[in-house]
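User: I should like to understand how the descriptive terms for this structure are justified. Please set each value against its definition.

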Amino acid sequence: RPAADAEDGYSSSNGELVTNLLEFLRSEGGALPIGAIDSFYSRFPQHDGAIPDILEFVKSHWDHVGTRYDSEGNKMLFDKSSAQVEVPAVRKEAVAQDLVAFLRQRRGKAPLSAIRQFYDQYPDHRAAIPDLKAFVRAHKDLIGFRPAQGDREALLTCFDVTAPKATHPNPMAQDFVAFLRSRGGCIPLPDVPQFYKEFPQHGRIPDLGVFVRAHRDLIWFKREDETTVVFCRDAQEAEAAERNPEAAGALAAFVEERGGAVPGSFFGDFKIENPQYAECLGRLKPFVQAHQDILHFEPGGCGVLSTVAFQSRAAASNPAEDLVAFLEQNGPIMSAGDIDKFYAEFRQHRAGIAARGLRSFIKANDGVLGFDEDGDAGLIFLKKAEARPSSEV
């Protein structure tokens, strides 16, 4: 449609505005950074200030103009009628793999502005990504987009930070683990050639780093003094499973200070803040198993680390039942952004729900609770009143 109806916020006389805007966008190559709309007003002063809200304008003229992120991550206003050169799927897949490799070099994530460095490294790829956000969505199994939050810049992420993990260890990996066990569970990196002498049938490992990452459930690297060693996981876990009441007590206090339950990833934060326990902590799950009298771990995602004291408090009331009762009393639909109103009344549930994630909690109780992505934060709503909530937090 050439112009929006009056109820859209733009009168029928705006046909000239739309026509001139499309003409201007085409003269700029089909797109313009949203923040540069003043350059349109400079060329067409009669329209100065005629678009007070660009996003609302786009909604009213969606068949003519749209918004997207360009290849450098800038949000653009673009002319939908501009011809786009279709990039072959095979070419796009190769570009996606190179972007994953680029992100892996940066530990799996990089600010959106770093895309310029990617194009410096792969100049031929710029044309293959006319719309960065659409490109990310098309390869969501490999890469992701994390929106800006407060002062934090938007991020590009890759989900496979390391090499693909083998579903089943191959014979070489099994023999390599046996070789490590025969030497106490680990060897210095320079001693790896000894493996080739004892197991000549396997030949040499072409790339040790890729091999280790592909079997990272079995083997890994670590630094000891000035030497890098390769170790097998089961030996490391056996060491870490030894009891250390002092370290466990400190970890329990750390968790309690944060409400009694935290995502499992907080274990790394505890190690950083308490380097004196680094040697005895090992991996989270075996450490918690050795201290089940005060710590509790629930798998799923990155897991939830909690204290036994928190579990006792949580058992006194069911968070799903309490949320159902809250919605029955205050209305069957609530913005997820208003969840603090629930926590204000039921403080004991904040840490447990936050540690798992609100959406995961709702999903675990989808017989009585539902989540809809509508709105800025999403909506929580009541479903079957007769169903019983799960006790899972």
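User: In which helix do Phe176 and Phe179 lie, and how many residues apart are they?

Analyst: Phe176 and Phe179 both belong to helix 7 (residues 171–181), where three residues, about one turn of the helix, separate them. Helices (H or I, at least four residues) and strands (E, at least two) are DSSP runs, numbered from the N terminus. The model is predicted: local features need pLDDT of at least 70, side-chain atom pairs count only at pLDDT 80 or more, and totals for chains, interfaces and linings use all residues. Residues are numbered from 1 along each chain as its sequence is written, and side-chain values use heavy atoms, with hydrogens and water left out.

User: Why is the aromatic pair of Phe176 and Phe179 called tilted?

Analyst: Rings of Phe, Tyr and Trp (its six-membered ring) pair if their centres lie within 6.5 Å; planes under 30 degrees apart count as stacked, over 60 as edge-to-face and the rest as tilted. The rings of Phe176 and Phe179 are 6.2 Å apart, centre to centre, with 35 degrees between the planes, so they form a pair, and that pair is tilted. Phe40 and Phe44 also form a tilted pair, at 5.4 Å and 40 degrees. The whole structure holds 15 aromatic pairs.

User: Which residues do ring pairs link into a cluster with Phe176 and Phe179?

Analyst: The cluster also contains Phe195, Tyr196, Phe199 and Phe211.

User: Why is Val177 called buried?

Analyst: Buried means under 20% relative accessible area, exposed over 50%, and partly exposed in between (1.4 Å probe, protein chains only). Val177, also found in helix 7, has a relative accessible area of 5%, and is therefore buried. Not counting residues up to four places away in sequence, Val177 touches Leu218, Ile219 and Cys232, where contact means heavy atoms within 4.5 Å.

User: What makes Gln194 partly exposed, and Asp322 buried?

Analyst: Gln194, in helix 8 (residues 193–198), has 35% relative accessibility, so Gln194 counts as partly exposed. Asp322, in helix 16 (residues 319–330), has a relative accessible area of 15% and is therefore buried. The contacts of Asp322, not counting residues up to four places away in sequence, are Ser317, Phe342, Phe346, Gln348 and His349.

User: What makes a set of residues a nonpolar core, and which helix gives the most to the largest one?

Analyst: A nonpolar core is a set of buried Ala, Val, Leu, Ile, Met, Phe, Trp, Tyr and Cys residues joined through side-chain atoms within 4.5 Å. The largest one has 23 residues, and Leu99 is among the members that touch the most others. Helix 4 (89–104) is one of the elements that each supply at least two residues, and helix 4 gives the most, with six. Leu99 touches Ile115, Phe118, Phe135 and Ile143, not counting residues up to four places away in sequence.

User: How is the packing of helix 11 and helix 12 described?

Analyst: Helix 11 (residues 245–256) and helix 12 (residues 266–273) pack at about 120 degrees, with axes 11 Å apart. Axes are lines fitted to C-alpha atoms, for helices over the stretch in contact, and angles run from 0 to 180 degrees between N-to-C directions. Ala247, Ala250, Leu251 and Phe254 of helix 11 make the contact with Phe266, Phe267, Asp269, Phe270 and Glu273 of helix 12.
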